[in-house]
Amino acid sequence: MNYFLISVSNRENLDLCIKHCLAGFTDSINGVWAFCEINEGDYVSFLYAAKAHNLYRVLEKVAYR
């Protein structure tokens, strides 16, 4: 079990992540790395404006394109 901070770029993206309890990753090598590194059972928080927002347990990993 690991803990990750997922950085979001603006308040609108933070609000969307919180509203839907989903994390979005970029379509880049860094986004793929983050998606692969986080596993079911891990914990994540959203990082915005130098603050961690909420704590979620990863129940399922799904990739949408």
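The largest pocket is lined by 24 residues. Among them, Ala23, Gly24, Phe25, Phe35 and Val62 lie nearest its centre. This is a predicted model, and every value below is computed from it.

**The two pockets**

Start with volume. The largest pocket has about 790 Å³. The second largest pocket has about 190 Å³. What classes of residue line each one? The table sets them out.

| Pocket | Volume | Nonpolar | Polar | Charged |
|---|---|---|---|---|
| Largest pocket | about 790 Å³ | 16 residues | three residues | five residues |
| Second largest pocket | about 190 Å³ | five residues | six residues | no residues |

Look at the charged column. The largest pocket has five charged residues in its lining. The lining of the second largest pocket has none.

Where do these linings come from? For the largest pocket, α2 (29–37), β2 (43–48) and β3 (51–57) each supply at least two residues. The largest share, three residues, comes from α2. For the second largest pocket, at least two residues each come from β1 (3–7), α1 (11–20) and α2. Here α2 gives the most, again with three residues.

Which residues line the second largest pocket? From the start of the chain there are Ile6, Ser7 and Val8, then Asn13 and Cys17. Next come Gly24, Phe25 and Thr26. Asn30, Gly31 and Ala34 complete the lining. Two of these names have already appeared. Gly24 and Phe25 line the second largest pocket, and they also lie among the residues nearest the centre of the largest pocket.

**Glycine 31 in α2**

Glycine 31 belongs to helix α2. Is glycine 31 buried or exposed? Its relative accessible area is 7%, so glycine 31 is buried: the cut-off for that label is under 20%. Now set aside its neighbours within four places in sequence. Glycine 31 is then in contact with Phe25 and Thr26. Both of these contacts, like Gly31, line the second largest pocket. Arginine 57 sits elsewhere along the chain, 26 residues from glycine 31. The C-alpha atoms of these two residues are separated by 19 Å.

**The sheet**

Now turn to the strands. Three of them form an open sheet, in the order β1-β2-β3, with mixed pairing. β1 and β3 are the edge strands, each pairing on one side only. On average, neighbouring strands of this sheet are turned by 25° against each other, direction ignored.

What makes the pairing mixed? Take the two pairs in turn. β1 and β2 pair in the parallel sense, over five bridges. β2 and β3 run antiparallel, and five bridges join them.

Some residue pairs help you trace this by eye. Between β1 and β2, follow these two:

- Tyrosine 3 stands opposite tyrosine 43 in β2.
- Leucine 5 has serine 45 in β2 as its bridge partner.

On the other side of β2, phenylalanine 46 stands opposite histidine 53 in β3.

Serine 45 deserves a closer look. Serine 45 is placed in strand β2. At 2% relative accessibility, serine 45 counts as buried. Which residues does serine 45 contact, leaving aside its neighbours within four places in sequence? One group is Tyr3, Phe4, Leu5 and Ile6. The other is Ala52, His53, Asn54 and Leu55. The first group falls in the range of β1 (3–7), and the second in the range of β3 (51–57).

**Turns and positive phi**

Most residues other than glycine have a negative phi. Exceptions are worth finding in the model.

β2 and β3 form a hairpin, with two residues between them. In the turn, alanine 49 has a positive phi of about 55°. Alanine 50 is placed in the loop between β2 and β3. Its phi is near 60°, a positive value in a residue other than glycine. Where does alanine 50 stand on accessibility, buried or exposed? With a relative accessible area of 78%, alanine 50 is exposed, because the cut-off for that label is over 50%.

There is another case outside the hairpin. Cysteine 21 is found in the loop between α1 and α2. Phi of cysteine 21 is near 50°, also a positive value.

**Pulling it together**

Helix α2 supplies residues to the lining of the largest pocket and to that of the second largest pocket. Strand β2 pairs with β1 in the parallel sense and runs antiparallel to β3. Serine 45 in β2 is buried, whereas alanine 50 is exposed.

Note on methods:
Residues are numbered from 1 along each chain as its sequence is written. This is a predicted model: local features need pLDDT of at least 70, side-chain atom pairs count only at pLDDT 80 or more; totals for chains, interfaces and linings use all residues. Side-chain values use heavy atoms; hydrogens and water are left out. On a 1 Å grid over the protein atoms alone, a cavity is a set of points where a 1.4 Å probe fits but cannot get out, and a pocket is an open set with protein on both sides within 12 Å along at least five of seven lines; lining residues have an atom within 4 Å of a point. Grid points are joined across faces, edges and corners, and a volume is the space filled by probe spheres set on the points. Helices (H or I, at least four residues) and strands (E, at least two) are DSSP runs, numbered from the N terminus. Ala, Val, Leu, Ile, Met, Phe, Trp, Tyr, Cys and Pro count as nonpolar, Asp, Glu, Lys and Arg as charged, and the others, Gly among them, as polar. Two strands pair if DSSP finds at least two bridges between them. Axes are lines fitted to C-alpha atoms, for helices over the stretch in contact, and angles run from 0 to 180 degrees between N-to-C directions. Buried means under 20% relative accessible area, exposed over 50%, partly exposed in between (1.4 Å probe, protein chains only). Contact means heavy atoms within 4.5 Å.
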